[in-house]
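The following report considers selected contacts between charged side chains, and then a metal site, in one protein structure. Please keep the sequence and the coordinates at hand while reading.

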Amino acid sequence: MTDVNAVEIRDTEEPKLDRRGGILKVEACGICGTDARTFFNGDPRAPAPWVLGHEPVGVLEEVAPDADLPPGVERGARVFLGSILTCGECRWCLDGFQNLCEHHLLYGYEPFPGAYAEYAAVPPIAVKNLIPLPPDLPSDLATVADPFACALNGVEQLDVQLGDTVVIVGTGPIGCWQSVMARDRGAAAVYLTDVSKDRLELAMSIVGHFVDDAFVAGEDNGVNEVMSRTNGLGASRVSVAAPSKQAQQAALEMAAKRARVVYFAGLPKHDPVSPLDVNQLHYKELVILGAYGASHRQYRITMDYLDRRQEELGRVVTHRFSLEHIAEAFETIRSGTGLKMVILP
Ligand SMILES: [Zn+2]
Ligand SMILES: [Zn+2]
C-alpha cells in the first residue's frame, strides 16, 4: 500500500534475518475486514508505503541460529503465523489466555511489515506463534486459522450444549463457521440472521446444510422470527457476530430465560457505549459474555478441525487472488460479494 486506497507491486530487497527470527516464503495470506479498513481509511500503525497482511502461511525457509522454535516446527516446515504476538511472560500468557496478553502486538502493523509479499520476516517475538500445518491441509485454507480460531473462542464462550437452540446474528465468515461448530457441538436448531439479504443468501449457499432456517433481520432485528420458531421461548444461545448496537439489544430480547449471549464483535472505537435493556438481563437471568482473539490452544484445535472438515469449512473461502490483483481483492471485500478472500503471492 503506497497511500490510502493506493497499492503498487514493487521489487524490494528480501527481508533481513534477525538473529533470533526466521524468514517465511509466503504461500498464501488471508485478507480480512481489518485489512480493507486499513486500506480504505488508513491507519497510523501502517504508515505508507507499508506492506499489510497478517494471516500468512508459508515455508519457513530460513531460521536464525538463536531462534527458539516451538515443538513440531523446523526449517523447511509449512507453518501458520498467528497475528497476535504475545509476550509469553505476563499473567494471562502464563494462564493460557494469550489472547488477553498485557503486552501483545499485531503482526502486519508497525513495527512488523506484513506478508502480502513473496518473502516475509518472522520477527523474534513471532517465532513462538508459529504453528505447524497438517500435511494435507492446503495453504490457502490454513490462512483462515486466525479468524476461525476467534470464531471458536466465541463458540466456547457460548458453551453450546446438546439440544441448544442457537441464533447467530451476522453471517460473515465468523458467523458461518460458528454455525458449523454449533451443529458439531450438538445444537438442536441453528438459525442465521443478517440485515443484508444478499449476505444471508451467500452464507446459506455455503453453510446452508448446517442451518435450520435463516431470515433477514428487519425492523425488529429478527426478534419476532426467533420467537415464532421457538414457541415464544427464545434461543438458549445467541452469538452476535456483527458490530451493531441494535443487534446487541435484539440479542437480549430474543434470548430465552437463562440463555447465554456472546458479543463477539466490538463496536467502533469512537462510539463504544451501547444502550441495553438491563431488565432483560435481570428478569431472564441472562449471561452476557465477550470474546476476543484466540489462545494458542484454540489455534491448535483449529488446525486439526480445518484439516478434518476441509470440505465444509473451506467453502467459506470464496475468492483467491494473485498479488498483482490485490486491489481487486480489497474491492471485493468492500462490495460484500464474497466471504473470505486469500492472496496467493
Ligand atoms: Zn484479520
Ligand atoms: Zn503476555
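The side chains of Arg-309 and Asp-184 meet in a salt bridge, with a nitrogen-to-oxygen distance of 2.5 Å in what is a predicted model. Arg-309 lies in the loop between α11 (296-308) and α12 (310-314), whereas Asp-184 belongs to helix α6 (residues 173-184), so the pair ties together parts that are 125 residues apart in sequence. The two partners can also be described by their accessibility: Arg-309 has a relative accessible area of 16% and counts as buried, while Asp-184, at 39%, is partly exposed.

A second pair is found within a single helix, where the side chains of Lys-197 and Glu-201 form a salt bridge at 3.0 Å, again taken from N to O. Both residues are in helix α7 (residues 197-207), and because they are four residues apart there, about one helical turn separates them. Glu-201 is partly exposed, with a relative accessibility of 45%. Returning to the earlier pair, salt bridges that share partners join Asp-184, Arg-309 and Glu-312 into one network.

In total, the structure holds 21 salt bridges, and the table lists some of them, including a pair formed by Arg-45 and Asp-43.

| Salt bridge | Distance, N to O |
|---|---|
| Arg-309 and Asp-184 | 2.5 Å |
| Lys-197 and Glu-201 | 3.0 Å |
| Arg-45 and Asp-43 | 3.0 Å |

For the pair of Arg-45 and Asp-43, the arginine is partly exposed, with a relative accessible area of 38%. Asp-43, at 19% relative accessibility, counts as buried because the cut-off for that class is under 20%.

The metal site is described next. The zinc ion (ligand 2) is coordinated by the SG atoms of Cys-87, Cys-90, Cys-93 and Cys-101, at 2.3 to 2.4 Å. Along the chain, the donors of this zinc ion follow the spacing C-x2-C-x2-C-x7-C. Why is the arrangement of the four donor atoms around the zinc ion (ligand 2) called tetrahedral? The donor atoms subtend angles of 103 to 118 degrees at the zinc ion, and four donors count as tetrahedral if all angles lie between 85 and 135 degrees. Among the coordinating residues, Cys-93 is buried, with a relative accessible area of 7%.

Definitions and conventions. Residues numbered from 1 in each chain as written. Chains lettered and ligands numbered in written order. Predicted model: local features only at pLDDT ≥ 70, side-chain atom pairs only at ≥ 80, totals over all residues. Heavy atoms only, no water. Donors = N, O, S within 2.8 Å, 3.2 Å for Na, K, Ca; no water. Tetrahedral: all angles 85-135°; square planar, octahedral: opposite > 155°, others 65-115°. Buried < 20%, exposed > 50% of the residue type's maximum accessible area, 1.4 Å probe, protein only. Salt bridge = Lys/Arg side-chain N within 4 Å of Asp/Glu carboxyl O. Helix = DSSP H or I, 4+ residues; strand = E, 2+ residues; numbered from the N terminus.
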